[in-house]
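Okay, everyone, thanks for coming. Let me put the structure up, and then we'll walk through a few spots in it.

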Amino acid sequence: MTPREILALCREHQVRAIDLRFMDFPGTLKHFTIPVQVLTEKSFEEGFDFDASSMYGWQAINESDMLVVPQPETAFVDPFLPHTLCLTCNIQDPITRVDYAKDPRNVARKADAYLKSTGIADEIRFGLEPEFFIFDNVRFDQSINQGYYYLESSEGEWARGQFSEGPQSNAGYQIRKGEGYFPVPPGDTLHSLRNDMMMALTECGIEIEAHHHEVATGGQAEIDLAHKPLLEAADLLLRFKYIVKNVASRAGKTVTFMPKPLWGDNGSGLHMHLSLWKDGETLFADSGYGGLSELALHAMGGILHHAPAIMAFCCPTTNSYKRLVPGFDAPINLTYSFRNRSAAIRIPVHTSNRNCKRFELRFPDSSSNPYLAMSAIVMAALDGIQNKIDPGPPLDKDIYDLEPGELDNSPKTPVSLDKALEALRADHDFLLRGDVFTEDVIDTWIWYKTERDVKALRERPHPCEFLMYYDI
């Protein structure tokens, strides 16, 4: 849409407020709102000022003024805020009008531009499969003398022994641990709510392929998004999370994209289906392993080679690595396979249509900043293609049925966030090409995640430590 068409859309839908949205450096969606009368065609060039010193990892107090510049192609009418139109924005310096290096959306735009500049492809498409939990209620706290969390779910297996009366009485259909894949109602208590989510997403311009209950007990869900180009896919994932959380909130539920909220059951990932295209033709289909081209295999080689480093962006929380443990369908072995879901990269089998040929990266999760995570994946894939990195032999066996020692020499995902950050510090030259990531972006990310995530958890007593050590 053009700026003029945006103004016409505002009149058509009786819009009275414009919500200007952008993602901060760590990956949190931010916004502020202006009256519709303030938005003009020039606004899409001139932007609106805001204080960037209040955003983690951005400007110092003496250089705090920055601009948000709305992007007309991102517009949608908000289904939760009456008479409100939402616009995603780029961040610029108000003096130089240069795009801000630490604006995550700018990083993704530069990754897309670098991809085109290589001549290898003119488009990379991402099909995203975000998993999440829908709980009835949640309580948690951390203070000097206590730390706890408590999750409530009427369909969680732990609720079988709870007594209740009335329309919400305990019918005994709770989902057992690890048995939540594709049940029908009444076991699947969240089908109607996921339908509401799907319809709200569709009405807001997000093309949905399917939704279903996921493996874990306690309300794990998945809603799959159609393949889109890099920047559009990242934009739509932000919109997706906003809509899903608000539909749940309206129904009196709460949604979390936290990778591992339940101990001893499956965690939530963000599986990413990737394919490269040029002149409207896929570059991934050929007669190689799994029906892939040599270029696709080299792209996989680059991602697997750089996986420990890019996981600092794809799995950027301490909780991410509680999901990446043996069992629970966790892709902890950095290998690839045709059909095998226990590999870090899977080559799906859906159809013989060559345009559907792709591979699925399974270790990312939705705690990531999608602009940074997807850009890092693109840069690793391009490095693999440019340097013809061999992905090694595939692993077609069930990883969980192998004999002890068979995978001793297989590379593994990092065991913690601090290990991933160490890998990023040692291996990030490939991210600097085309000025996609900068040294400042890398350094700031490592500093922020070390201080705000790694050290914060390391310094606090854990409830499990009381179970193990209180009586020593």
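So, to start: does Ile389 count as buried or exposed? It counts as buried, because its relative accessibility is 16%. For that call, buried means under 20% relative accessible area, exposed means over 50%, and partly exposed is in between, with a 1.4 Å probe and protein chains only.

Before I go on, the housekeeping. This is a predicted model, so local features need pLDDT of at least 70 and side-chain atom pairs count only at pLDDT 80 or more, while totals for chains, interfaces and linings use all residues. Residues are numbered from 1 along each chain as its sequence is written, and side-chain values use heavy atoms, with hydrogens and water left out.

Back to Ile389, then. You'll find Ile389 in the loop between α8 and α9 (417-426); helices here are DSSP runs of H or I with at least four residues, strands are runs of E with at least two, and both are numbered from the N terminus. Leaving out residues up to four places away in sequence, Ile389 touches Leu297, His298, Gly301, Gly302, His305, Asp383 and Gly384, where contact means heavy atoms within 4.5 Å. Its C-alpha atom is separated by 14 Å from that of Ser293, and those two are 96 residues apart along the chain.

Next stop, helix α3. Its 15 residues, 104-118, should span 21 Å at 1.5 Å a residue, and the end C-alpha atoms are indeed 21 Å apart. The expected span is 1.5 Å times one less than the number of residues. Plenty of names on the buried list for α3, including Pro104, Val107, Ala108, Ala111, Tyr114 and Leu115. Polar and charged names turn up there too, among them Arg105, Asn106, Lys110 and Asp112. And what covers them? The cover includes strands β1 (17-23), β6 (84-92), β7 (123-135) and β14 (270-278), plus helices α5 (230-250) and α8 (370-386). After α3 comes Gly119, with a positive phi near 80 degrees.

On to salt bridges. The whole structure has 22 of them, a salt bridge being a side-chain nitrogen of Lys or Arg within 4 Å of a carboxyl oxygen of Asp or Glu. Here's one I like: Lys102 with Asp440, at 3.6 Å from N to O. Lys102 lies in the loop between β6 and α3 and Asp440 in helix α10 (residues 439-458), so this pair ties together parts 338 residues apart in sequence. Lys102 counts as buried because its relative accessibility is 9%, while Asp440, at 43%, counts as partly exposed.

A second pair is Lys228 and Glu207, whose closest N and O atoms are 3.3 Å apart. Lys228 lies in strand β12 (residues 228-229) and Glu207 in the loop between α4 (191-203) and β10 (208-213), so the parts tied together are 21 residues apart in sequence. Glu207 is partly exposed, at 46% relative accessible area.

Then there's Asp453 with Lys449, closest N and O atoms 3.5 Å apart. Both sit in helix α10, 4 residues apart, about one turn of the helix. In general, an α-helix has 3.6 residues a turn, so residues three or four places apart point the same way. Both Asp453 and Lys449 are buried. Elsewhere, Asp19, Arg21 and Asp78 are joined into one network by salt bridges that share partners.

What about the nonpolar core? I mean a set of buried Ala, Val, Leu, Ile, Met, Phe, Trp, Tyr and Cys residues joined through side-chain atoms within 4.5 Å. The largest one has 124 residues, and Phe126 and Phe363 touch the most other members. Helix α6 (residues 294-314) gives this core its largest share, 13 residues. Among the residues Phe363 touches are Ala307, Ile310, Met311, Leu324 and Leu334. Apart from that core lies another, of 5 residues, including Phe135, Leu151, Ala216 and Leu262.

Last, some backbone oddities. The peptide bond from Pro185 to Pro186 is cis, with omega near 10 degrees, and Pro186 is in the loop between β9 (146-152) and α4. Phe182 is in the loop between β9 and α4, and its phi is positive, about 65 degrees, although it is not a glycine. Asp279 is another non-glycine with a positive phi, near 55 degrees. It's in the loop between β14 and β15 (281-282), and it is exposed, with a relative accessible area of 67%.
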